[in-house]
Amino acid sequence: MTRAPSIMAKTVSTPLILIAILAAIAIAVDAFGSGPLARTVIEMLIRVVLVVGIWIFVGNSGIISFGHVGFMCLGAYAAAWLTIPPMLKQISLRGLPEFLLENQFPFWPSALAASLLPAVFALILGPVLMRLAGIAASIATFAMLAVINTVYSNWSTVTGGTSSVIGIPTVTDVWIALGMASGAIVIAWLYAISRSGLALRAARDEAIAAQASGVNIERERLIAFVLSAFVCGAAGVLYAHFLGIITPDAFFLTATFVALSMLVVGGINSLSGAVIGVVFISVIIQLLRWMERGVQVGETTVAIPSGAQEIAIGLVMIVILIFRPAGLLGNREIVWTSRREPRVARTQPAE
Amino acid sequence: MQTTRRAALFGAAAIVSAAMPAIAEEEDIVIGFAVAESGFMQAYDEPATQAALIRIEEINEEGGLLGRQIVPVFADTKSDRAEGARAGLEVIEAGADMVVVSCDYDFGAPAALMAEAQNKISFFLCAESVRAGIQGVGPHSFSASVLAAVQGATMAEWAHEELGATTFYVLEDTWTEYNKGICDGFNWRAPQIEGVEIVGRDTFVNDDASIAAQITRIRNLPEPPDAIMLCSMMPGVVSAVRQIRNAGIEVPILNGSGVDGSYWMDAVPSLSEFYIPVQGSVYGDDPNPAVEEFNVRFEERFGARPSSQYAYPGYVMVDLWAKAVERAGTTDAAAVVEELEKMDEEPTLFGPRTFTSELHHQNRARYHIVKVTDGEPAVVDSWTIDEPIPLEVLLQ
Amino acid sequence: MTAVLQILFDALSLGSLYALGALGIALIFGVMRLVNFAHGDYISFSIFALLWPTTAATTILFLGQVPPAVLIPFVILIGAGVSVLSEILVFRRLRDANPATLMIASFALGFVIKNLLLMLYSSRPKSLSILPGLAQQVEIGGARIPLLQVVTVAATIVILIALTAFLKRTRFGLEMRAAAQDFTMARMLGVRANRVILLAFAISGMLAGAIGLAIVVQTGTADINMGLSVMLVAFIATVIGGLGSLYGAVVAGFLIGGASVLMQVILPLDARPFRDAFVYALVIVVLLWRPQGLFAPRTAKQRV
Amino acid sequence: MAEGALLARAVTVSFDGLTALSDVSLSVPRSRITGLIGPNGAGKTTAVNVLSGFQLPSSGEVVMDGEDVTGLKPHVLRRRGLARTFQGGRLFKDLSVLDNLEVTGIGLGLTRREAARKAAEMLDWMGIGRLAGQEAGGLPYTDERRVAIGRALMEEPGYLLLDEPAAGMSELEAAELGRLAQRIVREMGCGILLIEHNVALVLEICEEVFVLDSGRIIETGPPAAIRASETVRHAYMGTAADVEPVGAEAGV
């Protein structure tokens with residue numbers, strides 16, 4: 001019998017192309033860009049991690065989640081607990097357990113542990129939430145976000161309450177961010193082509209038929225939920241180590257909607273959509289930002305008024321959604337097609 | 001950070017704000033403003049920035065600093081933290097000798113941390129958290145304002161001494177650290193005063209649509225308190241005051257400086273028995289006539305009088321920093337910090353200021369007390385707390 | 001006893017706001033499966049329309065000074081206007097889009113409205129004292145209740161009765177109810193979709209205006225984000241009440257208001273800052289208990 | 001094992017005060033085709049839902065191969081060998097035809113590679129291998145039905161419940177479907193329950209037929225007996241006028 005090429009081989013071009021796009025941007029900015037522009041790119045890459053993390057759950061399950069920025073919050077604070085110098089922690093976060101108060105861990109082990117915290121949280125809460133479907137599930141995830149935000153805003157001895165947590169080493173640079181974004185893309189791709197990913201996308205289309213096909217929807221949803229919590233947690237870790245300072249309100253409604261907007265504008269059902277949505281919106285924002293500063297047109301400088309950038313980005317999004325309701329990518333994956341490949345190759349969420 | 005390789009591909013637009021009034025030349029002294037020109041924080045950053053510009057213009061008119069002109073450069077934080085850090089970096093790349101950051105600690109810190117990482121002095125425009133300085137940024141960071149806790153402590157002492165209040169009710173808005181700071185100062189000072197009793201406490205959140213339940217609790221006290229310490233800020237504070245007064249509770253309400261300004265008082269018709277600590281009066285009745293001269297100059301320059309006392313720290317900031325630079329004979333950060341830390345009760349237009357190597361903020365300050373009667377605010381007293389608030393209390 | 005009465009009124013007045021908000025969101029959701037996140041911005045917009053655009057601290061009343069007989073309808077019409085306009089300019093062009101796209105479009109629209117207000121008025125809260133006559137106390141059963149609370153509750157009841165009558169007695173109303181129950185079926189039965197949707201937007205916008213008024217009379221402040229918290233709670237109430245059930249949305253609005261006030265009363269001081277966490281945890285519990293909502297119409301049942 | 005059966009014993013289903021099924025007992029033996037007919041609204045789909053775990057009966061039990069399986073979740077029942085199809089196909093329209101079948105393989109515990117191989121085999125067995133790469137959402141009506149049956153047949157279930165598979169088909173297509181059902185029984189030893197509007201088809205290929213009316217079994221027997229039954233004729237005559245109202249069978 002002839003062996004069909006494996007699903008991995010058939011679909012691997014998608015993550016590779018996406019990573020290549022991000023790498024190209026990172027390299028170009030590193031070579032030619034200014035410091036502030038480099039920061040813009042790092043921020044974009046962190047958003048890629050977040051949005052791809054959200055996509056793992058939302059894109060495959062079809063359930064819009066408002067709660068994933070909450071996982072980012074858990075990850076960011078866990079990173080802070082693990083990496084802030086003990087002296088600072090003993091002043092501002094006195095309620096932490098002894099071993100955290102007295103130790104400071106290096107970045108990578110801490111990043112892993114900090115990303116695991118939201119995953120564990122998702123594993124505990126997930127079995128309850130995953131019983132819900134549709135908009136009830138969305139509301140429940142929003143309630144989860146509100147609970148996380150309220151607790152972190154007021155649990156002063158452990159989270160510092162509404163005040164900023166400071167002293168987080170600022171180690172996130174373009175390469176770490178690029179590495180993590182690539183990692184997130186690979187994880188998301190591996191999940192998408194996994195058994196669970198396929199089963200969950202089937203359930204997204206037709207929950208009832210999926211059950212009749214032997215799919216345990218709650219279980220598959222939970223797997224996606226936990227995995228996406230892990231990746232969103234990693235986005236939180238990156239963010240904490242990027243700014244060096246975090247507050248609970250950085251992980252609330254604005255962040256949630258910005259992330260969801262990028263996802264929807266890119267195309268909610270495809271991994272490529274998640275990544276391209278972030279890149280596209282980030283680029284538009286940067287262009288508008290330059291226009292706010294003024295663009296030299298011949299002899300005169302033309303500038304749009306301060307604050308017009310936000311209005312413009314909203315309008316751009318509306319226009320895109322009107323003309324491409326399924327997002328820029330229209331739920332397709334970017335693939336490298338060679339003629340010999342059979343059409344069946346597509347096992348990513350399809351058009 | 002890549003600070004040298006720039007511009008080839010992405011154009012010069014990325015480097016320096018176009019809002020910059022003049023191109024800084026080699027010999028100029030540059031003050032970089034990484035503050036909000038749009039978004040939520042804009043309304044809070046703008047007045048203090050304008051006041052700072054007035055002081056800069058004064059110095060330039062008088063021949064400059066160390067014989068050089070001061071040139072301000074700007075980058076918009078867009079009221080966003082990540083943008084704030086980027087704005088900080090931008091003004092530093094534009095050659096800032098000192099970086100001015102957003103009024104609020106949370107929004108200003110990212111830019112201040114950028115400055116700190118490059119050993120530049122940063123000044124918070126009007127942050128009132130102890131973290132706005134050494135504790136939250138590093139040894140090169142200062143705040144131009146006074147700690148929120150001092151406001152709470154001032155109100156506790158003054159209300160007891162001058163209003164004869166002995167029973168207090170504390171209503172805390174848990175929305176921000178500033179609010180909590182006022183209450184922390186009050187909670188530290190009030191119990192130390194002989195005979196003072198806190199008869200009740202409650203919390204709310206700034207954006208609560210209604211605080212009816214909290215008010216019901218106050219009204220159900222066996223005796224009305226002598227005063228209510230209200231630790232809150234805009235916009236929720238207006239709503240809270242209005243609801244308290246509409247509920248028929250007429251006892252004195254004590255506040256932090258955040259409610260200064262008469263612009264909101266239409267919301268509570270014939271507001272009375274309302275007390276605010278201020279660094280200087282915007283109402284034309286400051287005991288120091290120079291303050292009123294400043295108000296007039298401000299109006300001439302920007303078309304309106306300062307709307308609240310929060311313009312003043314901007315003026316104080318440039319004033320103190322320029323003095324320190326003059327004394328050090330250089331803009332070099334280490335030398336200027338050293339001079340700033342030598343300042344002990346350094347007189348300014350808005351009261352004396354002190355910096356030490358432990359604290360780059362005011363844990364004791366002279367406050368004017370503004371009393372609102374029938375919607376008319378007026379300075380009725382001045383008060384300085386007995387002793388500075390200890391650092392341990394502030395850091396709690 | 002008077003304490004209980006007072007708490008009851010506190011709960012009712014907060015619940016009124018949520019109920020009106022939930023109704024506004026449920027109406028739109030019913031006819032086009034849109035979770036309208038711009039609703040909160042309609043609320044702010046209808047109030048800011050009373051003010052002259054200025055970024056200065058002092059409020060300049062634009063139409064705020066006119067007598068209540070003009071002011072109230074004006075605000076409500078502005079709410080209806082911005083809502084109808086958003087349907088015509090944005091949502092009509094997204095008829096076939098999926099719910100996620102619709103929702104994000106509404107969010108983007110809200111973002112535009114909000115930032116437009118920010119640019120015109122700055123973020124500084126604007127104070128305005130309209131309908132000052134409501135700032136008094138009345139005595140009911142020994143409890144002294146702020147008149148405003150009484151008026152808010154009464155106005156809510158009047159609005160609800162009027163809307164019920166409209167939905168039950170008029171042809172428009174019948175069409176809307178049919179559409180909310182089963183839009184596809186209603187279309188097949190000859191309901192003209194665009195007209196019904198437009199009407200739903202108009203009523204929803206009017207409710208936003210009414211909420212704006214209630215908030216501004218209560219707080220004396222117009223703030224860019226003034227509609228946000230009401231909108232979020234209303235959104236939750238819509239789901240808890242049972243999507244497609246207007247009646248359920250209203251009841252759930254009152255229930256959440258009640259729960260919030262009750263939490264504030266019974267929680268010990270140290271736990272009070274965590275009030276919202278308790279309220280939202282309760283929301284999750286209710287959803288698990290009745291995933292289709294408390295008053296789900298039968299059509300909402302999953303079909304096999 | 002081939003001699004087992006799927007049984008409903010005294011099943012009653014009522015919701016919101018409405019009784020959809022009342023004391024219904026029926027049996028679906030292996031290696032045979034059993035029919036379930038009845039006028040619109042008789043409760044046929046509810047019966048399938050009860051058997052396949054989508055509807056919890058108010059009382060009574062479902063027994064599979066001698067074991068009580070009442071209340072088990074649909075996916076668990078599928079893993080135990082009870083497959084079904086749906087009115088209107090319910091294919092995973094965003095997935096390819098091959099993936100549609102693959103999902104069942106995965107649901108039953110296969111690896112993706114394994115499931116894909118078996119899915120391809122199944123498509124070939126059904127004679128629709130050419131559809132493998134097509135998107136399920138764009139299939140014509142009859143192909144859609146075939147794919148749905150193929151999806152249900154993955155890993156050779158013990159029982160297959162077909163919910164109105166011939167609806168909307170021409171005489172010719174229905175006959176072909178009948179032959180497919182007979183082939184499934186012959187080659188897989190599967191027990192089929194065929195729920196149909198097309199009474200002629202049922203009477204032609206079933207060995208035993210249950211007639212449901214207003215939630216009750218009103219007649220049971222071989223096709224000949226059903227054909228002769230007065231009760232059945234009466235039940236059908238009463239509603240014969242409305243042969244195929246749109247969507248009437250959808251809800252209950």
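Buried area is the accessible area, taken with a 1.4 Å probe, that two parts lose on being put together, summed over both. In this predicted model, chain C and chain A bury about 3500 Å² between them by that reckoning, and 89% of it lies on carbon and sulfur atoms. The contact brings together 41 residues of chain C and 39 residues of chain A. Three residues stand out on the chain C side: C:I104, C:I284 and C:L288 supply 16% of the area that chain C buries against chain A, more than any other three residues.

Polar links are scarce here. The rule picks up 0 salt bridges across the interface of chain C and chain A, and the count of residue pairs in polar contact, both at pLDDT 80 or more, comes to 2. Helices α4 (99-121), α9 (228-241) and α11 (275-289) of chain C are the elements that each put two or more residues into the side touching chain A. Of these, α4(C) gives the most, with 13 residues. By residue class, the side of chain C that touches chain A splits into 35 nonpolar, 3 polar and 3 charged.

Now for the contact between chain B and chain A. Among the 5 pairs of chains that touch, chains A and B make the most contacts, with 42 residues coming from chain B and 42 from chain A. The area buried between these two chains is about 3400 Å², and carbon and sulfur atoms give 54% of it.

Charged pairs do turn up in this interface. Between chain B and chain A the rule finds 6 salt bridges; one salt bridge joins the side chains of A:R289 and B:E83, at 2.1 Å from N to O. Polar contacts between chain B and chain A number 13 residue pairs, both residues at pLDDT 80 or more. On the chain B side, α2 (81-93), α3 (105-117), α4 (131-135) and α6 (177-189) each supply at least two residues that touch chain A, and the largest share, 8 residues, comes from α2(B). That side of chain B divides into 20 nonpolar, 8 polar and 14 charged residues.

Not every pair of chains meets: chain B and chain D do not touch, and their nearest C-alpha atoms sit 39 Å apart.

A word on confidence in chain A, the partner in both interfaces described above. Chain A averages a pLDDT of 89, and 94% of its residues score at least 70. Over residues 340-351 of chain A, though, pLDDT stays under 50, and the model has 38 contacts beyond four places in sequence for this stretch. Where pLDDT is low, the predicted coordinates should not be read in detail.

Conventions. Residues are numbered from 1 along each chain as its sequence is written. Chains are lettered from A and ligands numbered from 1 in the order in which they are written. Side-chain values use heavy atoms; hydrogens and water are left out. Contact means heavy atoms within 4.5 Å. A salt bridge is a side-chain nitrogen of Lys or Arg within 4 Å of a carboxyl oxygen of Asp or Glu. A polar contact is a pair of N or O atoms within 3.5 Å; within protein, one must be able to donate a hydrogen and the other to accept it, and residues adjacent in sequence count only if both atoms are side-chain atoms. Helices (H or I, at least four residues) and strands (E, at least two) are DSSP runs, numbered from the N terminus. Ala, Val, Leu, Ile, Met, Phe, Trp, Tyr, Cys and Pro count as nonpolar, Asp, Glu, Lys and Arg as charged, and the others, Gly among them, as polar. pLDDT is the predictor's confidence in each residue, from 0 to 100.
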